[in-house]
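Q: Please take a close look at the open and enclosed spaces in this model, whatever they turn out to be. I would like to know what lines them and how those parts relate to the rest of the chain.

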Amino acid sequence: MSTKKPTIWLNNNLKQYLKPKNLILGIPNDISPFTYWRWLNATSIEQLTEKEIKLGEYAREEEQKISKIYFSNKSIPNALIPKIIYPLFNNQKPIKKTPSLFAIYAAFIVASQEFIDVLYNFCLGENQIEKLLFYNPKKDKLEDSSFYFINICESYKYCQMVINPSITREYLRTKDESIIYHTPENQEELNNFLFSKEALFCPVDIWHDLSIYRSIFMSDRLRLALFNSKLKRDISLLSCNLTSN
């Protein structure tokens, strides 16, 4: 029986984006939970005080600032890292079950305790993981949660070439004319990319490739651990084609 060659794996972000939760991250951290939650749940601007309206505008500005850092896969200053997670609606039922990995607003990746328990057994480097507090609006207080904010800021460039550029989606061209591609959404799209065999020796087990926008790659050993932990129902990983030398 032939043994399958080791490879690296691309997280299919689309699976997380298609599982929206009625949750929102507290951005920024310096607005009190009750004030921020009231602003989120207001049905009309008339319900808010002038101070709350200004806080809402400030929150949007801060979210844009953090999004710019996050989508560039850069390290977020500790003071800006989201530390609270909120229910989006005031009539939301208690959260009993969530996927092990999901995205808020199809953007920010949030993980469960089960996923983090696996991840902490691997090399993470400078990637950021922040445990979140949950704001309970009925009690108007912060409570412990099993949610974690993840920022993948370990970045490498293992993507060597695109086999057929005409069918690959470009995200942008940089000032030096380097091309950054959209993240492939299925195996067929990913098969158009070829990665260096050096990726097998990446110093971390989860990282971003500089050539592919918002990409999250995982090592073979991390993929196997997630598979064995029965978290595969929430995670879709696509196998990458590597160079032969």
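A: A pocket here is an open set of grid points with protein on both sides within 12 Å along at least five of seven lines, whereas a cavity is a set of points where a 1.4 Å probe fits but cannot get out. The model is predicted.

The largest pocket holds about 440 Å³ of space. It is lined by 22 residues, and those closest to its centre are Ser72, Thr174, Ile180, His208 and Leu210. Four elements each give at least two residues to this lining: helix 3 (50-71), strand 12 (170-173), strand 13 (179-181) and strand 15 (206-209). Helix 3 supplies the largest share, with three residues. Sorted by class, the lining of the largest pocket has eight nonpolar, eight polar and six charged residues.

The second largest pocket has a volume of about 240 Å³. Its wall draws on several stretches of the sequence. Lys4, Lys5, Pro6 and Thr7 are among the lining residues, as are Lys197 and Leu200. The rest of the lining is Ser239, Cys240, Asn241, Leu242, Thr243 and Ser244. The class count for this pocket is four nonpolar, five polar and three charged residues.

Next come the enclosed spaces. A search of the whole structure finds three cavities of 30 Å³ or more. The largest cavity has about 120 Å³ of space. Of its 13 lining residues, Tyr70, Asn73, Ile109, Arg214 and Ile216 are the closest to the centre. Helix 1 (13-17), helix 3 and strand 9 (147-151) each give two or more residues to the lining of this cavity. Helix 3 therefore contributes to the wall of the largest cavity and to that of the largest pocket. By class, the largest cavity is lined by eight nonpolar, four polar and one charged residues.

The second largest cavity has a volume of about 60 Å³. Ile109 and Ile216, named above for the largest cavity, also line this one. The other lining residues are Asn11, Gln16, Leu101, Phe115, Ile150, Ile152, Ile206 and Met218. Eight of the residues in this lining are nonpolar and two are polar, with no charged residue.

Asn73, one of the residues closest to the centre of the largest cavity, deserves a separate look. It is in the loop between helix 3 and strand 3 (84-87). Buried means a relative accessible area under 20%, so Asn73, at 8%, counts as buried. Its backbone has a positive phi of about 55°, although Asn73 is not a glycine. Most residues other than glycine have a negative phi, and most peptide bonds are trans. Asp140 is another case of positive phi in a residue other than glycine, with a value near 50°. Asp140 is in the loop between strand 7 (133-136) and strand 8 (141-143), and at 43% relative accessibility it counts as partly exposed. As for the peptide bond, a cis bond joins Ile27 and Pro28, with omega about 5°. Pro28 is in the loop between strand 2 (23-25) and helix 2 (33-41).

Helix 2 is the element that follows that loop. Its buried residues are Thr35, Tyr36, Trp37, Trp39, Leu40 and Asn41. The cover over them includes strand 2, helix 3, strand 3 and strand 7. Helix 3 thus has a part in covering helix 2 as well as in lining the largest pocket.

Arg233 can be placed against this background. It is in the loop between helix 6 (220-228) and strand 17 (237-239). Partly exposed covers the range between the 20% and 50% cut-offs, and Arg233, at 46%, is partly exposed. Arg233 and Gln187 are 46 residues apart in sequence and 17 Å apart in space, C-alpha to C-alpha.

The chain as a whole sets the scale. It has six helices and 18 strands. Its radius of gyration is 20 Å, close to the 18 Å that the globule rule gives for 245 residues, so the chain is as compact as a globular protein of that length. Along the principal axes, its C-alpha atoms fill a box of roughly 65 × 45 × 30 Å. Buried residues make up 48% of the 245. Of the contacts between residues at least 6 apart in sequence, 73% join residues at least 24 apart. The chain exposes about 13400 Å², and carbon and sulfur atoms supply 53% of that area.

Methods: Residues are numbered from 1 along each chain as its sequence is written. This is a predicted model: local features need pLDDT of at least 70, side-chain atom pairs count only at pLDDT 80 or more; totals for chains, interfaces and linings use all residues. Side-chain values use heavy atoms; hydrogens and water are left out. On a 1 Å grid over the protein atoms alone, a cavity is a set of points where a 1.4 Å probe fits but cannot get out, and a pocket is an open set with protein on both sides within 12 Å along at least five of seven lines; lining residues have an atom within 4 Å of a point. Grid points are joined across faces, edges and corners, and a volume is the space filled by probe spheres set on the points. Ala, Val, Leu, Ile, Met, Phe, Trp, Tyr, Cys and Pro count as nonpolar, Asp, Glu, Lys and Arg as charged, and the others, Gly among them, as polar. The radius of gyration is taken over C-alpha atoms; the globule rule is 2.2 Å times the number of residues to the power 0.38. Buried means under 20% relative accessible area, exposed over 50%, partly exposed in between (1.4 Å probe, protein chains only). Contact means heavy atoms within 4.5 Å. Accessible areas come from the Shrake-Rupley method with a 1.4 Å probe; for residues, only the protein chains shown count as cover.
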